[in-house]
Amino acid sequence: MTRLKQYRNVFEEEVFNPFEVKDNTDSLRRTLERIDNRDIRGKFKCAQDPINIAFRRIEDISLKTLAVDFVKESFIDFVSYVKDVCK
């Protein structure tokens, strides 16, 4: 009977509770310091949003140029569609 008790104690060593709040502030602080040392956060903060860049580019181009490009691309797409349908 004593052997069974010994084996039971081995399985009850550590219980993982996923809802337990753990304090990892030191680990997080060290990680952020390493990131700051590599200057990744600064580069990310200075990066520009690609959507804003695209809208600024569209605003800089004249409406006539945009219309001509749109018609050209639409015509090319239409021709390639007709070629695919006729095959």
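Here are legends for a few views of a predicted model.

**View 1. The whole chain is a run of helices, α-α-α-α-α.** There are five helices and zero strands (DSSP runs numbered from the N terminus: H or I of at least four residues for helices, E of at least two for strands). Buried residues, meaning under 20% relative accessible area with a 1.4 Å probe and protein chains only, make up 0% of the 87 residues.

**View 2. Confidence depends on where you look.** The chain averages a pLDDT (the predictor's confidence in each residue, from 0 to 100) of 76. Helix 1 (residues 2-11) is lowest at a mean of 53, and helix 5 is highest at 92. Where pLDDT is low, don't read the predicted coordinates in detail.

**View 3. Helix 5 lies largely in the open, because zero of its 24 residues are buried.** Its end C-alpha atoms sit 35 Å apart, which agrees with the expected 34 Å (1.5 Å times one less than the number of residues).

**View 4. Phe75, Ile76, Phe78, Val79, Tyr81, Val82 and Val85 form a nonpolar surface patch.** Together they offer about 720 Å² of accessible area (Shrake-Rupley, 1.4 Å probe, with only the protein chains shown as cover for residues). Patch members have over 30% relative accessible area and no salt bridge (Lys or Arg side-chain nitrogen within 4 Å of an Asp or Glu carboxyl oxygen), with nonpolar side chains joined within 5 Å and like charges within 9 Å.

Notes: residues are numbered from 1 along each chain as its sequence is written. Local features need pLDDT of at least 70, side-chain atom pairs 80 or more, totals for chains, interfaces and linings use all residues, and side-chain values use heavy atoms, without hydrogens and water.

Notes: Buried means under 20% relative accessible area, exposed over 50%, partly exposed in between (1.4 Å probe, protein chains only).
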